[in-house]
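Biologist: I'd like to go through a model with you and learn how to read a few of its features. Could you pull it up?

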Amino acid sequence: FGGTNRRHVLTAPAVGMMIAAPAAFWAYSVADWRAALFLLFVPTLLNSLYYGPTYSSVQGLVPREARAMASAVMLFCQNLIGLGLGPLLFGMMSDAIRPEFGENSVQVVLYVAAFLGLLPAFFFWRCSLRLNAELDQKD
């Protein structure tokens, strides 16, 4: 779809993340760990749809001489949040609600994380509305 309209390069991750949230809710609610592991394949795949479009959009929006730095800054921010602060904050949240939810505190936090996955979907969709104009302005 991105070949016909460049904005759909960012629509695909938005739609994928919108579908991934309910799929993750379903996977987290399954009692059997094998079924949950199988079901988690769907949201994992759908949440990964942003990689290619994000890198290609960043590369298309910055001048040629700034592409390496733009990729480096983007990777740094993604890893800082996704691999650094995200797990730390969700772990702290799980510990904080443990007195109220007991052993289910991790499950509740996973539900919250899946729900928060709708935020980037919204932002990808909003960015897709301006992508054509931004790329045309750069050319």
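Modeller: Here are some notes on disulfides, helices and exposure, and keep in mind that this is a predicted model.

Biologist: Let's start with cysteines. How many disulfides does a search of the whole structure find?

Modeller: The general idea is that a disulfide is a covalent bond between the sulfur atoms of two cysteines. In this case, searching the whole structure turns up zero disulfides.

Biologist: Why is C77 without a bond to the closest cysteine sulfur?

Modeller: Because that sulfur, in C127, is 14 Å from the one in C77, too far for a bond; the cut-off is 2.5 Å. Seen from the other side, C127 is in no disulfide either, and its nearest cysteine sulfur is that of C77.

Biologist: And are C77 and C127 buried or exposed?

Modeller: In between: C77 is partly exposed at 37% relative accessible area, and C127 is partly exposed at 44%.

Biologist: Now helices. What span does helix 6 reach, and what is expected?

Modeller: You compare the end-to-end reach with a rise of 1.5 Å a residue. Helix 6 covers residues 105-116, twelve residues, and goes 16 Å from first C-alpha to last, close to the expected 16 Å.

Biologist: Which residues in helix 6 are buried?

Modeller: S105, V109 and A114 are buried there.

Biologist: One more: where does L85 lie?

Modeller: L85 is in helix 5, which runs over residues 67-101. Its relative accessibility is 41%, so L85 counts as partly exposed. As for T11, it sits 74 residues from L85 in sequence and 27 Å away in space, C-alpha to C-alpha.

Key. Residues numbered from 1 in each chain as written. Predicted model: local features only at pLDDT ≥ 70, side-chain atom pairs only at ≥ 80, totals over all residues. Heavy atoms only, no water. Helix = DSSP H or I, 4+ residues; strand = E, 2+ residues; numbered from the N terminus. Buried < 20%, exposed > 50% of the residue type's maximum accessible area, 1.4 Å probe, protein only. Expected span 1.5 Å × (residues − 1).
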